[in-house]
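Hi,

Here is the structure I promised to pass on. Have a look at it first, and my notes on what turned up follow below.

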Amino acid sequence: MFEQVSAAPPDPILGLTEAFKTDPRPEKVNLGVGVFQDDEGRTPVLKAVKAAEAALLAAEKTKNYFPIAGEPEFGRKVEEFLFGEAAVPGARTAQTPGGTGALRVAADFFAEISQSRRVWLSDPTWPNHRGVFGAPGLAIQPYPYYDAARRSVNAGALADALDKVPAGDAVVLHLCCHNPTGADLDAEQWKTVSEIAARRGWLPIFDAAYIGFGDSLEADRAPLRPFLDAGVEMLIATSFSKNFGLYRERAGALTLVAPARAADAVFSRIKRVIRVLYSNPPAHGGQIVQTILSDALLRQVWRDELNGMCARIHAMRARFAEGMARRAPDRDFAFIRAQRGMFSFSGISAAHVAWLRSERAIYMTGDGRINVAGLTPQNLDYVCDAVAAALRTERGG
Ligand code: LMR
């Protein structure tokens, strides 16, 4: 049987990291996968995480199974993280293996309860969205999002398209730091989208993987507010990979917001999906998040570290934009400053991406997305010189 099986193509993001690791060139730079790096190019364990792990190790008494949805206190802390102090009566949260696990639970749950079995994804979007939502057999449709010429969200086309999505379909929305473009909606545009969702009756599924990397925890979660205020039902897939630096621990959550009287019944269906997929969540990553969010001192340490990561991303954006303005004054890179989170659509063509990889050992995804957090004071000039050289190859110089 296995003789007949052909190989799968490499993953466009994680496959790049594998290729990067085997590249022997010492000057190599990885601007591919969305992983935060500090000024030295490291991805350290946060201080708050180390302290929480020490406390957990000392206090741990059992490795018995978790409940299907994880511990209720974890859920309460995640809801506070998303919505602030005031409880949302119809909210229920399951601990999941990472944000991807949360999205997959959402996809399987939606496939089970939906009549249309159709989900809308932004054009472009994180490539794995198609795999995750396609896995349970959902039909996938694109909605317009990015205006490549203006390097920003095409808010008019977006609103027009979402106003035509049929009731009962699902729409995946990036809560902040849109992946791959780094272009987000503003508060007014979010309000419009929430009004459309309320009027049309489609289900928003928020992908919340970068809270705190755009501006701040409060600013980045703010787009949820108009949806809550309008009484829109929704699902929120939260990842703690980036904002707690817990990548390999697979810490995430799926939050349901339903009418309060229906929430337990709906959540029971989500729990059934989880039971079939992985039975109950791994404990460690979620417990770290819960420990930090439950302790005022640790929370403050973590907030400071999160703000530090966010500030470094902003600083690298500014320095890259400056570096490119000096080296390629006829090309516009100023938009890099205005985009948010780790990613920017650099506008670098697929041919130049390939050139940068083969000639300069600089790795980025084929669509020209760069992880700004992969830039460091040490590699910045090297990267800017290389990008300028790549652009000159286009002009034949
Ligand atoms: C990315 O887009 O680089 C991250 O979300 C990592 C991943 O799993 O693809």
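A quick definition before the helices: an axis here is a line fitted to C-alpha atoms, for helices over the stretch in contact, and the angle between two axes is taken between their N-to-C directions, from 0 to 180 degrees. Please also keep in mind that this is a predicted model.

With that in hand, take α4 (residues 98-113) and α10 (residues 263-277): these helices pack with their axes 9 Å apart, at an angle of about 120°. The two are therefore oblique to each other, and their crossing is right-handed. From α4, the residues in contact are Arg104, Val105, Asp108, Phe109, Glu112 and Ile113, and they meet Val266, Arg269, Ile270, Arg272, Val273, Ile274 and Leu277 of α10. Sorted by class, that contact has eight nonpolar and five charged residues, with no polar ones.

Next, the empty space. The count comes to one cavity of 30 Å³ or more, and the volume of the largest cavity is about 60 Å³. Its lining includes Ser122, Tyr143, His174, His178 and Trp190. At least two lining residues each come from α6 (155-162), β7 (170-174) and α7 (187-200). Eight of the lining residues are nonpolar and three polar, while none is charged.

There are pockets to look at too. The second largest pocket has a volume of about 340 Å³. It is lined by 15 residues, and Glu60, Thr62, Phe66, Ala283 and Gln287 are the closest to its centre. Both α2 (47-59) and α11 (284-294) supply at least two residues of this lining, which has six nonpolar, five polar and four charged residues.

Best wishes

Conventions:
Residues numbered from 1 in each chain as written. Predicted model: local features only at pLDDT ≥ 70, side-chain atom pairs only at ≥ 80, totals over all residues. Heavy atoms only, no water. 1 Å grid on protein atoms, 1.4 Å probe; cavity = no way out; pocket = protein on both sides within 12 Å on 5 of 7 lines; lining within 4 Å. Points joined across faces, edges and corners; volume = space filled by probe spheres on them. Helix = DSSP H or I, 4+ residues; strand = E, 2+ residues; numbered from the N terminus. Nonpolar A, V, L, I, M, F, W, Y, C, P; charged D, E, K, R; others polar. Parallel < 35°, antiparallel > 145°, perpendicular 65-115°, else oblique. Left-handed = near helix turned anticlockwise from the far one by under 90°. Contact = heavy atoms within 4.5 Å.
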